[in-house]
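Biologist: Please take one part of this model and go through it closely. After that, set it in the context of the rest, and give the cut-off for each term as you use it.

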2 protein chains.
Amino acid sequence: MPFSATEENYIKAIYALTHSLGVEHANTNQLSSRLNNKAASVSDMLQRLFEKKLIDYKKYHGVKLTKKGFSVAIQIVRKHRLWEVFLVEKLNFKWDEVHEIAEQLEHIQSEELVKRLDKFLHFPKHDPHGDPIPDIKGIVHELKQVELNTCKVKNKMIFSGVKLHTKEFLQHISNLGLKLREKIEIIHITDFDGLIEVKINSNKKTIHIGSKTASHILVELL
Amino acid sequence: MPFSATEENYIKAIYALTHSLGVEHANTNQLSSRLNNKAASVSDMLQRLFEKKLIDYKKYHGVKLTKKGFSVAIQIVRKHRLWEVFLVEKLNFKWDEVHEIAEQLEHIQSEELVKRLDKFLHFPKHDPHGDPIPDIKGIVHELKQVELNTCKVKNKMIFSGVKLHTKEFLQHISNLGLKLREKIEIIHITDFDGLIEVKINSNKKTIHIGSKTASHILVELL
DNA sequence: ACAAATATTTAGGATAACCTAAATTTTGAT
DNA sequence: ATCAAAATTTAGGTTATCCTAAATATTTGT
């Protein structure tokens, strides 16, 4: 059962949509806009994925991954994230530069390659954006994380992930001086506009984070 | 100018055929058998590669890469061989296990990735089979190597490459105890059948190499 | 509950890359 | 030089993946 890169991208999109929104079903228009294809093309492909038993599909009523489809999705996510770790840790790419390359690498077919890459990288638990890497069994160790904007003054926490993966946002975060897995503490929150002042423990500096930015920042409370 | 993996494979095949045979032109049947496609399909594709100015093509008279096609070919070869080094040196694959994976990886599009991979691997000059890796400018540093079966008794040399890349042959070489870049010396050659007795300097052992095998072994004379 | 708006599917086509069978060109043996 | 064999190309067809336009189903506001 080798699937085409196109099929894999549909599977991944269905996974991402349902998983990130926490819903059962993804619908045609969502897939259409995420994949930059016309809805008609999506409809087409959904029928084929259904025949291959990768999705549950009832016309006009959205799709859901089958067990089989889910496991394909997880393996692609695993590969994508492992390659991102490789690109950042070994090849010194910045975290905002790796997405498109990993989009290609995730389709390389070789179980052995993934196993060895995982080992080479010392079995990382999360990718450069803090997203969890499914283990070889497909088990995802989700962190207990919350959005920074829901935290209170004096809370101490670790910056553990982002909810937005655009170049612009990622560069903004880098420019603020925030680095993944760093310990931070909320010094002050402006009532009026929700501006958050944060101390970065490693360098004793304080920075100011707008509430929109904060809503895309995930932290683990200590 | 991004080319499809299929187009790249045609370019690579044309390069390999002309280069390895030392001839100007490759013909349709050769390509057909190397690519496992029917001659009619090859003919089809050649017209398209011609329109894209990747090859010089006159119907019924074979093909030759243009400057542009040649440079595409070299970049693919470069990527293929760099990835092979990565797979062997970093992920501990054996030299007979890396070909199919590298066939996929060579189509990943990102100049920056190749540059960084090259650096990460310390700018290797040849791949795990001894084939030269074109540098970033596309310059190939060919070694002055000869087939082992053309050498004389008492010659000292370095095992520097193979002319056959099948799993079986590569494993045979490994089983003999030969490793790339090792110093060896010819102890004796049997007149009757060309059997060559070779001393491997590193371990003081002597081994016996059949003449067919020897004809696929490349060495640099010292 | 029903029409308008929205979402989705179907119908009919395009393109890349393959195929088989038939036609054409080149080659090579006499 | 000629003609059969071999090589190559053309013609016509298939599949995967996409498209536009038209048809149909669902949802939503009143």
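Modeller: Helix α3(A) gives the most to the surface near DNA strand D, with five residues. Here a residue is near a strand if one of its heavy atoms lies within 4 Å of it, and helices (H or I, at least four residues) and strands (E, at least two) are DSSP runs, numbered from the N terminus. This is a predicted model, in which local features need pLDDT of at least 70 and side-chain atom pairs count only at pLDDT 80 or more, while totals for chains, interfaces and linings use all residues. Residues are numbered from 1 along each chain as its sequence is written, chains are lettered from A and ligands numbered from 1 in the order in which they are written, and side-chain values use heavy atoms, with hydrogens and water left out.

DNA strand D is surrounded by 23 residues, and the closest are Ser41(A), Arg48(A), Ser43(B), Tyr57(B) and Lys59(B). Of the atoms of DNA strand D that come within 4 Å of the protein, 78% belong to sugar and phosphate. By class, this surface has eight nonpolar, eleven polar and four charged residues; Ala, Val, Leu, Ile, Met, Phe, Trp, Tyr, Cys and Pro count as nonpolar, Asp, Glu, Lys and Arg as charged, and the others, Gly among them, as polar.

Polar contacts are pairs of N or O atoms within 3.5 Å; within protein, one must be able to donate a hydrogen and the other to accept it, and residues adjacent in sequence count only if both atoms are side-chain atoms. From chain A, a polar backbone atom of Lys38(A) is 2.8 Å from a phosphate oxygen of DNA strand D. From chain B, an N or O atom in the side chain of Thr28(B) is 2.9 Å from a phosphate oxygen of the strand, and a polar side-chain atom of Gln47(B) lies 2.7 Å from a phosphate oxygen of DNA strand D. The elements that give two or more residues to this surface are α1 (5-21) and α3 of chain A, together with α2 (28-35) and α3 of chain B.

Now the other strand. DNA strand C is surrounded by 23 residues, the closest being Ser43(A), Tyr57(A), Lys59(A), Ser41(B) and Arg48(B). Sugar or phosphate holds 77% of the atoms of DNA strand C within 4 Å of the protein, and bases hold the rest. A polar backbone atom of Asn29(A) is 2.7 Å from a phosphate oxygen of DNA strand C, and a polar side-chain atom of Ser41(B) lies 2.5 Å from a phosphate oxygen of the strand. Asp44(B) reaches a base: a polar side-chain atom of this residue lies 3.2 Å from a base nitrogen of DNA strand C. Two or more residues each come from α2 (28-35) and α3 (39-51) of chain A, and from α1 (5-21) and α3 (39-51) of chain B. For DNA strand C, α3(B) gives the most, with five residues, and the surface divides into eight nonpolar, eleven polar and four charged residues.

The two protein chains are related as follows. Chain A superposes on chain B by a rotation of 180 degrees with 0.0 Å of shift along its axis (RMSD 0.1 Å), fitted by least squares on the C-alpha atoms of residues with pLDDT of at least 70 in both copies. That is the relation of a two-fold axis. In chain A, the C-alpha of Leu105(A) is nearest the axis, 3.8 Å from it. Both copies use the same surface, as 100% of the contact residues of chain A recur in chain B; contact means heavy atoms within 4.5 Å.

Leu117(B), in helix α6 (residues 111-120) of chain B, has contacts in both chains. Leaving aside neighbours within four places in sequence, Leu117(B) is in contact with Phe86(A), Leu91(A), Leu82(B), Trp83(B) and Phe86(B). At 2% relative accessibility, Leu117(B) counts as buried (buried is under 20% relative accessible area, exposed over 50%, partly exposed in between, with a 1.4 Å probe and protein chains only).

As for the whole of chain A, there are eight helices and eight strands, and buried residues make up 45% of the 222 residues. An automatic or database domain assignment gives chain A domain 1 (5-65) and domain 2 (146-221), whose C-alpha centres lie 34 Å apart.
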